[in-house]
Amino acid sequence: MGRSRVRAPELTGRRWLNTGGEPLSLATLRGKIVLLDFWTFCCVNCLHVIDELRELEERFADVLVTIGVHSPKFVHEADPEAVEAAVERYGVHHPVLDDPELTTWDAYAARAWPTLAVIDPTGYVVAQMSGEGHANGLTVLIEELVAEHEAAGTLHRGDGPYVAPPEPTTALRFPGKAIRLPGGTLLVSDTAHHQLVELDADLVTERRRIGTGERGLADGDEPRFAEPLGLVLLPDAVAAATGYDIVVADSANHALRGVRLDDGHVTTVAGTGAQLRERVDVGASAAELSTPWDLAWWADRVVVAMAGNHQLWSFDPVSCAVTVLAGTTNEGLRDGPPDEAFFAQPSGLAVAPDGTLWVADAETSALRAVVDRPSVGAAVTTAVGLGLFDFGFRDGPADTGDEPALLQHPLGVAVLPDGSVAIADTYNGAIRRYDPGTRTVGTLARDLQEPSDLLVDGDALVVVESAAHRLVRVPVPASSRVDRGAHRVRRARTDLAPGGLSLRIDFMPPTGQHLDTRFGDPTSLTVTASPPELLMAGAGTATGLAREVRFAPGGPVEGVLQISVAAAACDDGDGVFAACHRYQQDWGIPVRLVDGAPDELVLDLRAVRE
């Protein structure tokens with residue numbers, strides 16, 4: 001559905017990165033096609049988009065200027081040093097506007113991470129889209145804009161404003177995860193160097209590196225990785241049967257890699273290098289994966305924290321079969337059986353002696369627990385955490401009272417000898433401790449720089465201090481009590497009228513594609529609310545891109561509408577087997593019910609202005 005073009009608002013923020021310190025304005029970019037990428041570094045979908053745009057930026061380097069607008073979700077993401085580190089960590093090779101107050105975010109009416117906006121060479125917004133998977137459609141749109149504005153004389157070719165920052169020099173660069181090897185050394189994923197490093201027990205001395213250090217996907221004796229993260233050591237019998245000892249979550253390659261320790265030989269054991277873009281149900285499998293983040297050996301299988309599509313998967317090293325273990329792909333916090341539970345970027349795994357699988361569920365700032373074969377009740381439960389929009393730094397009871405314990409985007413977990421759970425509370429820069437017996441949270445250590453993983457080492461913890469580019473040992477003291485308060489995501493509420501709401505998703509397939517309805521409606525719309533009592537009608541999943549929703553009379557007047565949409569568009573042509581493209585996005589929209597406010601909500605999945 002097309003809508004009128006509007007003049008692009010100016011780009012306003014705290015500072016510019018990757019421009020050599022020079023500010024940019026839309027006036028100075030006139031004559032270029034400008035692509036705004038609204039992102040935040042906690043968001044795995046945003047990281048997918050950064051990767052998707054690399055080829056586009058290279059192909060249209062003389063006419064396209066991509067600008068990342070970093071608009072934070074979490075408090076930590078507003079820290080200027082953290083933003084600068086994230087730009088380096090994820091290889092962002094275009095200018096970035098630091099937008100901590102969401103000024104430019106609000107000016108462009110962004111509602112979700114990631115959001116893309118396309119500005120034509122004359123300064124008008126010609127398209128806005130949410131989510132990932134838009135590379136093909138953007139290519140078509142840019143080609144059309146190039147032809148139109150070259151003919152009109154309004155297109156200017158030439159170099160863009162990107163200025164590369166100085167190269168870093170530390171031995172490790174944003175290490176992600178670590179495991180202990182049989183000989184007492186440690187194997188570390190040196191994520192930003194795209195390598196694995198074996199360190200002595202002193203945590204500094206290098207024994208060897210595995211991988212060339214060039215980003216890529218290559219097997220053999222000179223392997224390439226792309227942002228490797230989680231590692232797991234296979235049991236001896238399994239390693240003997242497979243021919244490799246270690247499984248690596250090669251996150252940006254969307255693959256699992258097998259490493260033979262004797263000689264460092266690497267084999268791709270699951271994944272194709274392409275990102276999974278289909279929804280896969282519990283018990284089913286797929287050839288592609290989506291940003292595997294961490295691994296653990298649990299119940300005679302490798303469990304994969306599949307952060308990219310908010311699920312847990314299992315991997316059989318002998319057969320190389322991958323299967324969805326838990327999670328619907330909906331991003332959120334919901335307990336229940338594996339096929340009903342919601343996760344949000346599961347990023348850390350640890351197994352307790354009693355068989356409980358502990359999960360650091362990053363985007364919900366939660367600690368989750370999975371029981372393999374529960375005799376009664378739910379298979380997935382929440383120990384700490386309230387949902388996608390509530391976080392903080394507060395100790396105390398985890399699930400009772402008006403002020404429950406809070407985390408902020410945890411990425412790692414480890415089970416301590418007493419059965420309690422240590423949590424790498426990444427964005428709080430802390431190590432927290434959850435006691436399952438008392439269901440309370442305390443703090444073990446503070447003032448760390450983005451701890452991303454933990455490894456029990458006798459009376460200490462080895463901490464992967466990612467943003468400090470090192471591993472450190474931290475003694476395990478008695479927990480102390482911390483309360484720095486609670487936070488909610490800093491986004492303006494959307495005022496809506498009480499009663500009925502007409503919800504519509506705008507989606508216009510790119511030129512050369514169409515919604516193919518020969519085999520049924522190729523769309524899916526899911527609506528939920530937090531709290532659930534906000535809605536009287538309209539919740540659930542059904543086909544279509546429109547829904548009539550009714551707020552509960554006498555119910556809550558504030559809450560969050562959680563909306564998930566998927567649409568499949570196929571290439572034009574008469575063939576039954578025409579290539580298809582999947583578009584998907586989740587929105588979490590804080591709402592307030594106010595008399596006289598609009599009774600319609602329109603969200604852009606892919607809207608083109610005419």
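Seven residues of strand β42 make up the largest share of the lining of the largest cavity. That is a good place to start a tour of this predicted model, in which local features need pLDDT of at least 70 and side-chain atom pairs count only at pLDDT 80 or more, while totals for chains, interfaces and linings use all residues. Residues are numbered from 1 along each chain as its sequence is written, and side-chain values use heavy atoms, with hydrogens and water left out.

**The cavities**

A few terms will help. Strands (E, at least two residues) and helices (H or I, at least four residues) are DSSP runs, numbered from the N terminus. A cavity is a set of points, on a 1 Å grid over the protein atoms alone, where a 1.4 Å probe fits but cannot get out; lining residues have an atom within 4 Å of a point. Grid points are joined across faces, edges and corners, and a volume is the space filled by probe spheres set on the points.

How many cavities of 30 Å³ or more does the structure hold? There are three. Here are two of them, side by side.

| Cavity | Volume | Lining | Nearest the centre |
|---|---|---|---|
| Largest | about 580 Å³ | 41 residues | Asn45, His310, Glu331, Gln585, Asp586 |
| Second largest | about 380 Å³ | 32 residues | Leu47, Arg89, Tyr90, Leu229, Trp293 |

Besides β42 (580-593), the elements α1 (44-59), β37 (523-530) and β41 (558-571) each supply at least two residues of the lining of the largest cavity. In the second largest cavity, α1 gives the most to the lining, with six residues.

Lining residues can also be sorted by class: Ala, Val, Leu, Ile, Met, Phe, Trp, Tyr, Cys and Pro count as nonpolar, Asp, Glu, Lys and Arg as charged, and the others, Gly among them, as polar. For the largest cavity the split is eleven nonpolar, 19 polar and eleven charged. For the second largest cavity it is 14 nonpolar, twelve polar and six charged.

**Strand β3 and its partners**

Next comes strand β3 (residues 33-39). Is β3 enclosed or open? Seven of its seven residues are buried (under 20% relative accessible area, with exposed meaning over 50% and partly exposed in between, for a 1.4 Å probe and protein chains only), so β3 is largely enclosed by the rest of the structure. In a regular strand the side chains alternate between the two faces of the sheet. In β3, Ile33, Leu35, Asp37 and Trp39 lie on one side and Val34, Leu36 and Phe38 on the other, and all are buried.

Two strands count as paired if DSSP finds at least two bridges between them. Strand β4 (residues 64-70) runs parallel to β3 and is joined to it by seven bridges; here Leu35 stands opposite Thr66. The chain passes from β3 through α1 to β4 in a right-handed β-α-β crossover, meaning that, with the strands pointing away from the viewer, the path from the first strand over the helix to the second runs clockwise. Strand β6 (residues 115-119) is antiparallel to β3, with five bridges between them, and Val118 is the bridge partner of Leu35 there.

**A hairpin**

Further along the chain, five of the seven residues of strand β30 (residues 451-457) are buried. Six bridges link β30 to the antiparallel strand β31 (residues 460-465), and Asp457 stands opposite Ala460. The two strands form a hairpin with two residues between them, and Gly458 in the turn has a positive phi of about 65°.

**Three single residues**

Let us finish with some individual residues. Contact here means heavy atoms within 4.5 Å.

Ala362 sits in the loop between β21 (357-361) and β22 (366-370). Why does Ala362 count as buried? Because its relative accessibility is 0%. Leaving out residues up to four places away in sequence, Ala362 touches several others, including Phe74, His409 and Leu411. Its C-alpha atom is 5.8 Å from that of Pro346, which is 16 residues away along the chain.

Asp200 lies in the loop between β10 (195-199) and β11 (206-210). With 18% relative accessibility, Asp200 also counts as buried. Beyond its neighbours within four places in sequence, Asp200 is in contact with Thr185, Leu186, Thr205 and Arg207.

Thr541, in strand β39 (residues 540-542), counts as exposed because its relative accessibility is 53%. Apart from neighbours within four places in sequence, Thr541 is in contact with Ser524, Leu525, Thr526 and Arg547.

Notes. On a 1 Å grid over the protein atoms alone, a cavity is a set of points where a 1.4 Å probe fits but cannot get out, and a pocket is an open set with protein on both sides within 12 Å along at least five of seven lines; lining residues have an atom within 4 Å of a point.
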